[in-house]
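Here are my notes on this one, point by point. Have the viewer open while you read.

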Amino acid sequence: MKNEEVARLLREMGDLLELRGENGFKVVAYRRAARSVESMKTDLDEVTRRGDLESIPGVGKAIAAKIDEYLRTGKIESHERLFRETPPGMAELLQISGLGPKTVSMLHQKLGVSTVAELEAAAREHRVRRLPRMGPTSEKNILRSIERWKKRSDRIPLGVALPIAQKILGSLKKVAGIENLTLAGSLRRGRETVGDVDILATSSSPEAVIRAFVELSGVEEVLMKGPTKASVIVDETVQVDLRIVDHRSFGTVIQYFTGSKEHNVKLRHVALSKGYSLSEYSLTRVADGEEIFFDREEDLYRHLGMEWIPPEIREDQGEVEAALARRLPRLVEVSDIKGDLHVHTDWSDGLHTMEDMVYEAQRLGYEYMAFCDHSHGLAIANGLAIDRLVEKMDLIAGLNDEVEGFSILVGTEVEIRADGKLDYPDEILGRCDVVVASVHSGYNQREREMTGRIIEAMESEHVDVIGHPSGRKIGEREAYEVDLERVLEAAARTGTAMEINAHPSRLDLNDRWSRRAKELGVKLAINTDAHSTCGLSAMEYGVKTARRGWLEKGDVINTLGLQDLLRYLHRG
DNA sequence: GCCGTTTTCGGCCCGACTGTTTTCAGTCG
């Protein structure tokens, strides 16, 4: 796909133009076009063939010509020129928090600074404080920002950010006079990674709340602190913002700060088409300037003639249109989940015994759980040879007699070997209630081999679920080369479910592919892949991902009651 | 640079916060 490359070039042009101090709206125009191109489902080649580039939102004559130039020649001359004329390293300076295009340009002109290292040296030698509108404090702040920039990890995985946020919420809840304490931003939308943690609240004494916030234990640095908002750093690199807002505007504020930006832009268009201008404070009737306030988000959406939209799908991927037509899906919820179909025990590489895991699953209110320890091919994880699996089956039968109102399913996470063969013979797989088949080896195969290998596994009548289908680990390892579109087509054909692995470092399938699976009529299983009792609580992350993929209860097999599930699994 | 049943020109979100000023420019979200 050339779309991604074009989007990258356009975004880079936005950055370069910003450094030159170009008109800010022009900068935004390039970035908007980049986002548009990135989220398109059609190839740019095809759009160009239809002569339809200008139909892309945010793409006009000038940018269309540049896209066309790229498709013909493989480059964009004006991009190359901008790139040539900008000293390398300058764009990096924009990443230093507190530095914008104006300051970066000035630093370059007056001090010849064009890299972070040069800026650091200049600040240490007190050359920065002699510049206009600079002083000892800004110099110190620049040095601190550079330190933080050096330690930065890109985006924060949901599995890291959410526990941090919940801890802070827990402490803030105790502050006197605080109300409507709520997460906002990408964390509320359940994105797999977040940039920072946004918290909103209302209070009759905002300053007291802010004071309590910046003094929370765990706060390592206060970036800024005013009467109604503050930003702090916790856990070395995680920025947490707290805003105290007016009670009467809480609905519009929470909507605004939940985003996404694209969703908000679309929502403002809807408002305008109905004669309103939407801001974070109110909905204003354009005709007479009459302001309407909303303390509840639900009322705002309703007033605009649409259903309330769950935060997880606010990405301008059709949710606004669906809400206007009152056709929003009823997204799956944690409380719909009846059991976990992919759990490990100390029989392979899990930490806890079957009994421990059952106890925890019952505590979570589940009806069933499938123990899917590794198969013998995965020796590093103490995979089970056939005789051990058979022995375990007998033990499970005994355990099932002991527990009441709960069923333990015999399962396996069987290796899909490099040649596409499964790691157990059919007669063994046939004795399992649940067979999850996964790839843990030969990650470097070419796309054709990897895709074929997974599809071959799905052809087996015994395979019920493909575990973590893309193999990616967030911030750690890219997905292996696999054509997921073909895999999903095969899943639809063979009636194999895809896993949404709920482990926060996996979330695999991810939100986009989960939605695609649903479109193709593929069922999904949201599993924790827990290797310990506390791992079972990751279900919440998997459900968030499923919700982001527009999944409903009926799309997810482990929302079925035990009898229905067994009927589904054994239907073949 | 984009966009338009209020506009083909003049809009494009704007308020909070900071550090420097002595009234405000720059950054951020």
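1. Let's begin with the annotation. UniProt has an unreviewed entry that puts "domain: Polymerase/histidinol phosphatase N-terminal" at residues 339-418. Keep in mind that this is a predicted model. In it, that span is 34% helix and 22% strand, and its end C-alpha atoms sit 31 Å apart.

2. Now the DNA. Strand B is surrounded by 38 residues, and the closest are Gly60, Thr103, Arg133, Gly135 and Lys225. By class, this surface splits into 15 nonpolar, 14 polar and 9 charged residues.

3. Which elements build that surface? At least two residues each come from α2 (24-38), α4 (61-73), α7 (101-111), α9 (136-151), β5 (219-225) and β7 (238-245). The largest share, 5 residues, is from α2.

4. What does the protein touch on the strand? Of the DNA strand B atoms within 4 Å of the protein, 77% are sugar or phosphate, with bases making up the rest. On the phosphate side, a backbone N or O atom of glycine 58 is 2.8 Å from a phosphate oxygen, and a polar side-chain atom of asparagine 141 is 3.1 Å from a phosphate oxygen. For a base contact, look at asparagine 23: a side-chain N or O atom lies 3.5 Å from a base oxygen.

5. Last, the interior. The count is 1 cavity of 30 Å³ or more, and the largest has a volume of about 40 Å³. Its lining consists of Gly190, Arg191, Glu192, Leu507, Asn510, Asp511, Thr545 and Arg548, which divide into 1 nonpolar, 3 polar and 4 charged. Domain 3 (156-245) and domain 5 (334-569) each contribute at least three residues to this lining.

Note on methods. Residues numbered from 1 in each chain as written. Chains lettered and ligands numbered in written order. Predicted model: local features only at pLDDT ≥ 70, side-chain atom pairs only at ≥ 80, totals over all residues. Heavy atoms only, no water. UniProt positions renumbered as here; feature names shortened; annotations may be inferred. Helix = DSSP H or I, 4+ residues; strand = E, 2+ residues; numbered from the N terminus. 1 Å grid on protein atoms, 1.4 Å probe; cavity = no way out; pocket = protein on both sides within 12 Å on 5 of 7 lines; lining within 4 Å. Points joined across faces, edges and corners; volume = space filled by probe spheres on them. Nonpolar A, V, L, I, M, F, W, Y, C, P; charged D, E, K, R; others polar. Domains from an automatic or database assignment. Near = heavy atom within 4 Å. Polar contact = N/O pair within 3.5 Å; in protein donor to acceptor, adjacent residues only side chain to side chain.
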